[in-house]
Amino acid sequence: MLFGNATFFGGDPAIHGWAMATAAVVAASCALVGTLLVVRRMSLLGDAIGHAVLPGIAIAVLSGGRPGGLLVFVGAVAAALLTVWLIQGLQAAGGLAEDAGAGVVFTTLFAIGVVIVSAAPAGTHIDPACILAGDLTFIPFDTVAVVGFAVPRAFVAGTLAFIVLVAAAVVTWKLQVFTAFDSAAARAAGVPVATVTAGLLAATAVATVASFDVVGAVLVVALLVVPAAAAELLAHRLHVMALVAIILGVVGACVGYLAAWHFNTNAAGMIAVVLGLEYIAAAILAPDDGVFARAIGRVRLAWRVACEDRLAGVWREEEAARGRPTGATPTLLERCAAEWLRIDGSFVRDGVTWRLSPRGRREAETVVRSHRLWEAWLGRHADLPLDHLHPPAEWVEHHLGAAMRRRIEVETGWRQSDPHGREIPPESSSQS
Amino acid sequence: MSHAGVDRGQEGSRAGGPPLVEFHDVTVAYGRRPVIWNVDLEIDAACLFGIIGPNGAGKSTLLKAALGLVPMVGGSVRFFGRPLREVRSRVGYVPQRETVDWDFPVNVMDVVLMGTYGRLGWFRRPGIRERQLARDSLDRVGLADLAGRQIGRLSGGQQQRVFLARALAQQADVYLLDEPMAGVDMRSQEQIFRVLAELKAEGRLVVVVHHDLRTAAEWFDRVALVDMRLVAAGPTAVVLTPENLQRTYAGHIDVLEELGRAVATRGRTP
């Protein structure tokens, strides 16, 4: 079913396997480098380098280098460093902001690359369309012999690039992290910050060139930035983030390729679409700050507030029964909460009415105590009129912990009553 | 840098060897605009030393210049009588807390370990010794139980103490701290100050950029009053006089301001 309507792609699984493996290995390289670019807020520079390496590659190819060959890598790295040097030069000389400078430099260099490629004589290994969008489908047919097997050239180049990048990352990780987190302290400690940064940019160029055949210049940016940005939402340590980014990149490449095969469409575009979907999924599902986690947090708080308000409401009614009754109508959520509190045993039946059980009473007293302590504290420290005290206490009561209540009790001089003259219930021994 | 190697002069030589820190005629400019002019300052004994002055006085700039983080247009800074690059590991730096992104994906232990990186050089990884050192440093600032916490989940005071612990892990002899008490709760302030006093008791020099005059008098043994130039330096009680404070806080000297602007724009003052 999945492979049912592949018309253009044809049917040989080995061919597709090679293409997919190539996409996966370059995605892994880009994700690794992209992790450092993203945490250093240099994604835009990655974008710039991704485009600006084109003239370097074009010149290298026209001088006889093969795509994926060493000469092309050297040309690309040179172009990448030239890009950064030009951006910094524009910043120093003309006061051009870095983002604007990057925009000027990379579009110009990319355009120069396009012009060179377009003017190239027929028969050279370079093609404008391929440079923009890449061409995975033809990758399996340009092979080199590796221990007797015909392996696609782009896969070999991509794998070598990945191995080199991983080795470089493992060896210099410590310095990369220090520089990325706090470059001033790193410099003061003698870390060669400029060299570390140049190394990262060279690595970006290497990852970019390895990806060029596969996804083209435009979508290299997606491979560099999107998996890393998604990983940033999921991980709290940099090496974990890099690992997650690599996994997301590889999964995105494989799933994207298979989807493109199934729908018979452009593989690079599909890979980028899948990466985008991965990012959206990460943003929704991120454990701490994801859309889902925040929604759950809001619901749980609303429920806790409703339960506590109901408990405190009944407590106050009992308190007021000695005086006058209160007429607060519970909301629907609070009535549900009251239903739950009956099941839960915080309320017990007393003839026809419901009363607080001993446990319910302790919880209710804690809420009322928090409320009245806060009113006392505000009255003492903020010198507010009486009618300003109740509204803030109404929500603060749900957030005060035992230690803070003790502190407030001390700071307000062990008062027995709140500013309205009502008694502050004593701290209940909640363990018993 | 042109004055490097020039001796401070006859009155500067002390019996106990070279001063711990020596600013010699230091002038620093951002772009072309000078922000700190011709500072001469010697600190020759372990103490708590405050650099005090109003906002924009160039206090932080002075520290950064000493550490080679901003280029000097004139003058030199020496530590233990030698240029910084020879004694880097003996000089610890605590930058302002706001200069880094606290959502960065590292935990407390990762940050404190960074203090050992300078000595480890390019390729060695932190080992058991470094980890122990980092744990001890965290213990000293009262954060031993937060080693595994993501730094974004710390309070401002705890973040500042993590920075201090990182510097402690470096085991330096001179510490330069940039506004360590800014935006920090009272409990953290006391803890930080206690650690700084311990460092002094161990015979280390602690130089603190500070803007709060009320606490300056009680915390520091010696102070330098700075406002685009050095106003006065010496024992706290001697330096913090109404006249000196008036000269420091009366507003920038307009001569220096206008001259700086003229230099920056390659023009002339009115």
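**The A–B interface and a nonpolar patch on chain A**

In this predicted model, Arg237(A) and Asp110(B) pair up through their side chains in a salt bridge, with N to O at 2.7 Å. That pairing belongs to a set: the rule picks out 4 salt bridges across the interface of chain A and chain B. Polar contacts between the two chains come to 12 residue pairs, counting pairs with both residues at pLDDT 80 or more.

On the chain A side, helix 6 (153-181), helix 7 (183-188) and helix 9 (238-263) each put in at least two of the residues that touch chain B. Helix 6 of chain A chips in the largest share, with 8 residues. Sorted by type, this side of chain A has 16 nonpolar, 7 charged and 3 polar residues.

As for overall extent, 26 residues of chain A are in contact with 31 residues of chain B. About 2,500 Å² is buried between chain A and chain B, and carbon and sulfur atoms account for 63% of that area. Within chain A, the residues giving up the most area to chain B are Lys174(A), Phe181(A) and Ala188(A), which together make up 30% of what that side buries.

Chain A also carries a nonpolar surface patch of about 960 Å², with Leu233(A), Leu234(A), Tyr279(A), Phe292(A) and Ile296(A) among its members. Helix 8 (193-234), helix 10 (267-285) and helix 11 (291-321) of chain A are the elements that give two or more residues to the patch. Helix 10 of chain A has the largest share, at 6 residues, while Leu234(A) sits in helix 8 of chain A.

How values were computed. Residues numbered from 1 in each chain as written. Chains lettered and ligands numbered in written order. Predicted model: local features only at pLDDT ≥ 70, side-chain atom pairs only at ≥ 80, totals over all residues. Heavy atoms only, no water. Contact = heavy atoms within 4.5 Å. Buried area = accessible area lost by both parts, 1.4 Å probe. Polar contact = N/O pair within 3.5 Å; in protein donor to acceptor, adjacent residues only side chain to side chain. Helix = DSSP H or I, 4+ residues; strand = E, 2+ residues; numbered from the N terminus. Nonpolar A, V, L, I, M, F, W, Y, C, P; charged D, E, K, R; others polar. Patch = residues over 30% accessible without salt bridge, like charges linked within 9 Å, V, L, I, M, F, W, Y side chains within 5 Å. Areas by Shrake-Rupley, 256 points an atom, 1.4 Å probe, with all protein chains shown as cover.
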